[in-house]
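I have opened my notebook for a new structure, and these are my entries as I went along. Come and look over my shoulder.

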Amino acid sequence: MMQQLDAVLALVTRDLRSFARSRSQLYSSVLFPLMLLAILGTGVSEGLDPKNIHDYVTFLTPGMIAMTTVFSSTFSSASYYQDRDSGILKVFLASPHSPRIVLLGKTLSAVIIGAAQGVIVLAVASAIPAIHFQWQYGVLPSLLLSIFAIVLLNFFLSGLGQLLASKIRSMQGFHLVMNLVLFPFLFFSGAFFPLDRLPEWLKILGRLNPLSYGVDMMHLALYADGRSGYFGLPLDLAVLTLLAVAVFYFGTSRAVSPDQ
Amino acid sequence: MRDLCYSYGDRVALDALALDVPRGSIFGLLGPNGSGKSTLLSILIGRRQAASGSVSVFGLPLAPRLRARIGIVFQEPSLDPNMSVRETMAMQGRMFGMKRARAASETERLLDRVGLLDRAASMTTTLSGGMKRRLELARALLSGPELILLDEPTLALDPDSRQALWQHLIEASAAGCTLLLATNDVHEAERYCGLVALLDHGRVVAQGAPADLKRDLRHDAVRIEWSDDPAADALAMGAWPGVGHVRLAGRTTHVTVDEASPFLTRVFQESGDRIRAVQIEESTLEDVYFQLVGKGIAPRADGESEVAPQ
């Protein structure tokens with residue numbers, strides 16, 4: 001058991017070190033959402049003057065954090081392909097551990113990297129004067145709740161990345177599918193505009209969208225000044241936790257094809 | 001291994017393969033590409049599950065835990081481009097459950113032995129092909145495996161690097177390690193392997209010591225250098241009685257025959273004025289393989305071709 005834990009830890013440490021050495025990925029993953037926040041947030045709130053949304057830049061921030069986790073988990077899950085192509089994955093799989101331990105180490109590192117990037121964006125955003133977080137549950141509980149939402153989202157997305165990686169042979173195909181699936185999900189997750197005023201068919205899609213529950217949790221923690229949110233905290237917590245645990249479990253339990 | 005079967009769809013890779021690899025031996029699996037060598041190694045490390053048959057290593061059935069006693073050097077490069085040499089070794093130590101102090105001291109010793117100690121801090125991407133191979137071998141040796149699987153370990157290495165690598169393998173063997181080597185390099189197998197198994201279409205067609213296999217062949221090998229293109233001669237010779245394997249490389253033919261004397265008499269009678277040099281050579285395992293299977297082992301270099309016996 002201790003040896004398995006150490007193997008998982010070794011794999012996580014290795015991926016974190018690789019990520020830290022990839023400066024461009026590190027900087028761009030944090031700068032891009034902040035840049036979008038500044039440009040899109042200011043552009044929409046000043047140029048379009050949305051009447052239904054009080055303080056659009058602050059409203060947009062949880063969505064940008066969700067977007068950060070989407071991008072980072074996609075990139076981190078894609079490291080599976082880099083490891084396969086460099087041949088190092090074969091070496092890990094030839095160790096005395098089961099493939100599940102290897103996948104667990106790789107997926108956990110994707111969770112940590114994605115969560116860390118989300119938390120960095122959250123930290124930087126909270127220091128920007130134009131962003132006015134409400135912290136409606138108190139600063140620390142709201143902060144912990146939003147971090148919890150980020151972590152759950154990353155468990156879900158990294159697990160999803162592994163599930164897709166078991167079906168898709170090439171990294172290009174993986175990126176294409178991840179973008180094809182997750183980008184539309186981002187748009188009707190409540191990240192860019194509130195779900196409650198959308199047409200019924202988009203509301204239904206929003207309810208079916210796992211990202212919506214994470215974004216709603218963060219809106220409740222950071223933006224909303226009422227307690228209900230769109231779905232409400234209990235439903236957000238229940239749905240997101242269930243999905244995160246289930247998808248992470250199945251993602252790390254997948255078979256590793258010897259030819260993939 | 002007993003009655004081992006594995007298929008890639010309709011293509012049979014292992015066909016009731018049976019093999020015994022004695023402990024402490026350097027055992028060569030010799031066969032052309034696609035003969036099942038790599039598939040067999042991937043079954044031994046648990047990457048593939050045999051469709052039927054049984055495998056035991058050290059008298060035990062295959063299980064993940066057993067891999068702690070097995071090291072492997074893959075055919076393709078298998079180093080992490082984001083790691084240094086020392087980090088590569090440390091990672092292996094942790095994946096194999098070694099105590100950090102022991103892994104660190106073994107790393108120093110092995111890197112010193114393979115001549116990479118001064119490159120310990122270098123990223124793996126900065127190493128030459130030969131250095132990378134030596135690092136992969138050092139990594140495979142780190143946990144003190146009792147069995148090392150090597151899949152074409154010297155492929156694409158220059159002669160010096162090959163020799164250096166074999167030196168390390170022989171040292172590992174002398175220390176009691178069993179080496180199971182998949183190769184299509186006949187000369188390497190003959191030179192270094194105490195035992196070989198010749199594979200064709202996933203079956204063992206012969207196994208034993210290289211010298212014993214060649215002794216059973218009782219063939220002579222004749223190398224002829226011609227003054228002009230001998231393609232037509234090679235084709236004609238392939239139909240002569242007593243002629244086995246005819247290989248053509250530029251203006252040189254390599255022919256295995258039952259007896260060299262009558263063959264050479266006929267060659268000189270028919271084409272003596274076009275012959276520049278003749279040499280009678282020792283038969284190789286390639287000739288044994290050709291005798292048994294009717295084709296060669298090694299991939300043909302540019303301009304090389306074979307003439308099948310009639």
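**Chain A, elements.** I began by looking up the secondary structure of chain A, and I noted ten helices and zero strands. Reading from the N terminus on, I wrote the order down as α-α-α-α-α-α-α-α-α-α. I also noted that this is a predicted model, so I keep that in mind throughout.

**Chain A, overall form.** Next I looked up how chain A fills space. Its C-alpha atoms take up a box of roughly 60 × 35 × 35 Å along the principal axes. For 260 residues, a compact globule would have a radius of gyration near 18 Å, and chain A has 19 Å, which agrees. I then looked up burial: 47% of the 260 residues of chain A count as buried. I also checked contacts in chain A with a separation of 6 or more, and 79% of them join residues 24 or more positions apart.

**One helix of chain A.** I picked helix H9 of chain A, residues 210–223, for a look of its own. Its 14 residues reach 19 Å from first C-alpha to last, close to the 20 Å expected at 1.5 Å a residue. Is H9(A) mostly covered or mostly open? I found H9(A) mostly covered, with 13 of its 14 residues buried.

**One residue of chain A.** I then turned to Leu143(A), which sits in helix H6 (residues 139–165) of chain A. Leu143(A) has 19 C-beta neighbours inside 10 Å and therefore counts as partly exposed; a residue needs 20 or more to be buried. I also looked up its distance to Ala123(A): the two are 20 residues apart in sequence and 9.6 Å apart in space, C-alpha to C-alpha.

**Where the chains meet.** How many residues does each chain bring to the contact? I wrote down 22 residues from chain B and 20 residues from chain A. On the side of chain B that touches chain A, helix H2 (residues 85–95) of chain B gives the largest share, three residues. Sorted by class, that side of chain B has eleven nonpolar, four polar and seven charged residues.

**Chain B, domains.** I moved on to chain B, which is divided into domain 1 (2–208) and domain 2 (215–307). Their C-alpha centres lie 34 Å apart. The contact between them takes 14 residues from domain 1 of chain B and ten residues from domain 2 of chain B. On the domain 1 side, helix H6 (186–192), strand S10 (195–200) and strand S11 (203–208) of chain B each supply at least two residues. By class, I noted eight nonpolar, three polar and three charged residues on that side of domain 1.

**Cores.** My last look-up was the nonpolar cores. In soluble globular proteins, nonpolar side chains tend to be buried together. Here the largest nonpolar core has 136 residues, and Ala66(A), Leu30(B), Ala138(B), Leu149(B), Leu179(B) and Leu181(B) have the most contacts inside it. Helix H3 (residues 56–86) of chain A gives the most to this core, with 13 residues. Domain 1 and domain 2 of chain B both give residues to this core, so it lies between them. Apart from this core I found another of twelve residues, including Ile224(B), Ala234(B), Val246(B) and Val267(B).

I closed with Leu149(B). Leaving out residues up to four places away in sequence, Leu149(B) touches Leu41(B), Leu44(B), Ile45(B), Ile70(B), Ile72(B) and Leu180(B).

Methods
Residues numbered from 1 in each chain as written. Chains lettered and ligands numbered in written order. Predicted model: local features only at pLDDT ≥ 70, side-chain atom pairs only at ≥ 80, totals over all residues. Contact = placed C-beta atoms within 7 Å. Helix = DSSP H or I, 4+ residues; strand = E, 2+ residues; numbered from the N terminus. Nonpolar A, V, L, I, M, F, W, Y, C, P; charged D, E, K, R; others polar. Core = buried A, V, L, I, M, F, W, Y, C linked by C-beta atoms within 7 Å. Domains from an automatic or database assignment. Rg over C-alpha atoms; globule rule 2.2 N^0.38 Å. Expected span 1.5 Å × (residues − 1).
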